[in-house]
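User: I've got a structure here and I'd like to walk through it with you. Can we take it step by step?

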2 protein chains.
Amino acid sequence: MDYFSFLMTMKKFTLPDLILNTNVGESASSQIYSFLRERIIDNTAFPGTQLSENELAAHFHVSRQPVREALTRLRQDGLIEIIPQKGSFVKKISVPNLIGVCFVRSAIECNALYESLRLEDASFKEIVFKLAENLNQQKALGEHSTSLEFLHLDDEFHRLICSFSGSNLAWEMLQGVKANMDRIRFFTLENVSKPAHLIQGHEKIYESVASRDYFMACGLLRSHLYEITHTYKQVMEENKEWFL
Amino acid sequence: MDYFSFLMTMKKFTLPDLILNTNVGESASSQIYSFLRERIIDNTAFPGTQLSENELAAHFHVSRQPVREALTRLRQDGLIEIIPQKGSFVKKISVPNLIGVCFVRSAIECNALYESLRLEDASFKEIVFKLAENLNQQKALGEHSTSLEFLHLDDEFHRLICSFSGSNLAWEMLQGVKANMDRIRFFTLENVSKPAHLIQGHEKIYESVASRDYFMACGLLRSHLYEITHTYKQVMEENKEWFL
DNA sequence: AATGTAGATCTTGTAAGCAAGTTCGCAATT
DNA sequence: AATTGCGAACTTGCTTACAAGATCTACATT
């Protein structure tokens with residue numbers, strides 16, 4: 001049993017003492033925010049976990065103030081819930097929210113594909129080339145990759161699709177609502193939707209895009225994005241208390 | 001010259017002393033956040049305005065902490081920029097961001113229209129009925145309304161369109177990215193895109209939706225949403241220093 | 001007159017402590 | 001044994017105070 005698995009068996013979310021990087025231009029609260037956000041998305045801090053300001057402050061060797069700011073930002077992200085005089089808790093995964101995110105993602109990514117039709121040829125080919133590159137990296141990783149490594153490549157693939165819209169803005173906006181979905185993907189990757197399967201999906205999408213078959217690409221992309229609305233059920237079976 | 005206009009002529013953003021509601025369950029920081037967010041969207045706190053933590057704390061008769069939390073949330077919304085040891089400033093309006101928001105909105109709202117085709121008849125008719133009701137309210141307000149009143153009805157119209165997707169989630173997600181767009185709409189409403197014109201647009205969209213002409217409705221909605229990418233230019237001419 | 005430097009005065013970041021509400025356990029009482 | 005009540009130990013919200021960097025002004029120097 002590795003360290004993170006061990007943590008997940010504990011009732012309270014505990015951390016090793018962590019020394020924040022004081023030399024870098026990043027503030028303490030910002031570093032704490034990034035750290036906690038990652039721990040929530042990779043489910044080290046699983047749904048329902050209590051995040052105590054005092055405890056976190058002690059672990060990071062800072063006062064409560066920077067921790068409070070980090071928690072405020074996490075609440076804004078919809079990842080935690082702060083109840084006055086009770087505590088701060090990692091939110092449970094909301095299935096309606098998951099479906100909503102799928103809808104928003106497929107709406108935006110498919111429309112980005114549609115915009116690609118208006119793109120000038122050079123720009124179009126540039127993105128297609130980057131997609132091919134990314135796909136090769138996915139294959140190179142193969143089954144030997146960790147979930148986190150593959151997730152980054154998967155994100156990059158979909159970011160490139162969004163860039164067909166002419167800018168990176170659409171993808172950036174998706175980040176704000178994507179966190180809840182990523183928490184589930186972290187699990188399905190190891191159980192149901194393994195990398196090999198996702199790579200197949202990406203490959204089909206890529207081929208349709210490259211051959212400028214918009215309708216096919218759009219349909220495949222939509223199915224690909226909505227896959228999680230089926231696969232989450234298996235994760236839910238094993239961890240019912242994590243879902244809302 | 002009314003009070004708000006007066007404020008807008010000043011270099012620093014100043015406020016009258018405001019007493020926060022202590023009896024209500026809402027925290028001080030939350031009240032300050034809501035207040036400042038509205039002032040930024042209605043351009044009382046115009047782009048470039050400095051928001052001093054000390055000054056705000058004095059005006060609200062609280063310490064810096066709740067003000068800091070409010071500012072942190074505003075930064076997360078992309079409405080202000082906090083520069084350490086320099087100050088917090090209302091962000092300028094970004095034209096690329098505006099175009100990005102238009103893209104995201106039209107992608108989501110048009111896809112919601114598409115989902116309406118799968119909706120069962122009763123649900124469909126219920127939303128159409130609400131749209132008609134809303135449209136009547138818009139007409140009732142007429143030209144005698146304030147920008148803010150009309151904006152609320154306009155928002156409700158588009159929220160109803162999003163509800164064709166089966167839930168309110170898509171609209172809620174749009175709120176996070178819509179703020180920058182609303183700042184411009186507040187001006188164009190009084191200069192270029194007057195309510196009467198927008199009501200005409202809404203009416204045409206409504207008719208297409210009601211007669212289940214998906215392609216027409218989608219096209220009209222898209223044009224309607226992208227209108228601001230042309231009308232903003234007039235506002236920009238008069239206030240170049242507010243734009244990025 | 002132009003320039004450079006020191007200091008006062010801004011700014012946000014962080015620390016430490018108090019206030020008020022919730023929860024949980026232990027002890028006294030019935 | 002069951003229940004009730006009090007208190008200790010938590011929680012977050014807010015206040016106050018200090019730290020450190022940025023900026024502007026006034027004065028001295030060239």
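User: How many residues surround DNA strand C?

Analyst: Quick note: this is a predicted model, where local features need pLDDT of at least 70, side-chain atom pairs count only at pLDDT 80 or more, and totals for chains, interfaces and linings use all residues. Residues are numbered from 1 along each chain as its sequence is written, while chains are lettered from A and ligands numbered from 1 in the order in which they are written. A residue is near a strand if its C-beta atom, placed from the backbone, lies within 6 Å of it. The closest to DNA strand C are A:A28, A:V62, A:S63, B:S52 and B:E53, and the full count is 19 residues.

User: Which elements of chain B each supply at least two residues of the surface near DNA strand C?

Analyst: Helices (H or I, at least four residues) and strands (E, at least two) are DSSP runs, numbered from the N terminus. Chain A brings α2 (28–41) and α4 (64–76), and chain B brings α3 (53–60) and β2 (87–90).

User: And what about DNA strand D: which elements of chain B give two or more residues there?

Analyst: 20 residues surround DNA strand D, including A:S52, A:E53 and B:A28. On this surface, chain A gives α3 (53–60) and β2 (87–90), and chain B gives α2 (28–41) and α4 (64–76).

User: Which element gives the most to the side of chain A that touches chain B?

Analyst: Two residues are in contact if their C-beta atoms, placed from the backbone, lie within 7 Å, and 19 residues of chain A are in contact with 19 of chain B. α4, α5 (95–116) and α8 (169–191) of chain A each give two or more residues to that side. With eight residues, the top giver is α5(A).
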